[in-house]
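Colleague: Before I rely on the labels in your annotation, could we go through some of them, with the cut-off behind each?

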Amino acid sequence: MRHLISIADLTDRQVRQIVERGAEFADGERSRALDEAVVGVYFRKTSTRTRTAFSSGALRLGARIIAYGPEDLQTNTGETLKDTGQVFSRMLDGLVARTAAPTAELRAWTGQERMGVVNAMTTEEHPTQALTDLTTLFRHFGRIDGLRVLYLGEGNNTAAALALALPRFPGTVLDLRTPPGYGVPGKGLTAPGVTQRHDLKNLESDYDVIYTTRWQTTGTSKPDPDWRQVFAPFQVGEQLWRDSPKAVFMHDLPAHRGEEVTAAVLDGRHSIAFDQAGNKLYSAMAVLEWCLAGSR
């Protein structure tokens, strides 16, 4: 039994292991590693891909699932997170949780030795999205080492997870271009190959990947009423392919055509965004197997 709360908690070898296992599942590998296991799926915020991927993945691995919505737990009436985790651990083998709250909340549920906990998104980080993205890169390029990734848009939890995940692979570059006041916190930018600027000046050429995310993650609002004007220059349009004609386009979805990305890019020949979404299932299976069934 292991937890996956942050990419920072994983060794380089563990990151590669999960990514390669996800690719094996995508190539048709079958496993019943979670036969008779019971997995809780708790989503306090909306989710299409992540919730479906972990639910479907758990079932494909042989587990049974119990789904919880935002109003279902006694935490709403004052029960502590620690007590909830202790109760869960006596009834569940694993818990997949999306809270959009501080990561410390999920860590409160790891203070037991019976149940694995998976972070399906917190305010600070979206680690399972980064593992999905790595799996997508590995399947598309046959490697991750040495890839050059341009990320445009808000420095949100997906960007933070990518900043922790991509540097695990030698020679990989992550060029973050985020609007002023909406960047990835400095603590997530300490690894070699990761840089951040708040403008679009001096973009490099020959990126392998151009990546963006929705400007309003999980529908959250921004305090600045003029934020759209600040974000507008960071929209992903076809002009970005003039200097990187072979780049693929990635997006963690859902997308808002005409905001963070044009329809021509999202639906165009360079886009692998929907294959990326499909890989979330295989990555989720790898995460569940790694957390709940241990090393193979």
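Colleague: Where does Pro 254 lie, and what makes the peptide bond before Pro 254 stand out?

Modeller: Pro 254 lies in the loop between β9 (248-251) and α8 (263-266), where strands are DSSP runs of E with at least two residues and helices runs of H or I with at least four, numbered from the N terminus. The bond from Leu 253 to Pro 254 is cis, with omega near 5°. Most peptide bonds are trans.

This is a predicted model, in which local features need pLDDT of at least 70 and side-chain atom pairs pLDDT 80 or more, while totals for chains, interfaces and linings use all residues. Residues are numbered from 1 along each chain as its sequence is written, and side-chain values use heavy atoms, leaving out hydrogens and water.

Colleague: Why is Thr 135 called buried?

Modeller: Its relative accessibility is 0%, and buried means under 20% relative accessible area, exposed over 50% and partly exposed in between, with a 1.4 Å probe and protein chains only, so Thr 135 counts as buried. Thr 135 lies in helix α5 (residues 127-141).

Colleague: Why is Ala 100 called partly exposed, and Asn 202 exposed?

Modeller: Ala 100 has a relative accessible area of 26%, so it is partly exposed, whereas Asn 202 is exposed because its value is 59%. Ala 100 sits in the loop between β3 (94-98) and α4 (103-107), and Asn 202 in the loop between β7 (194-197) and β8 (209-212).
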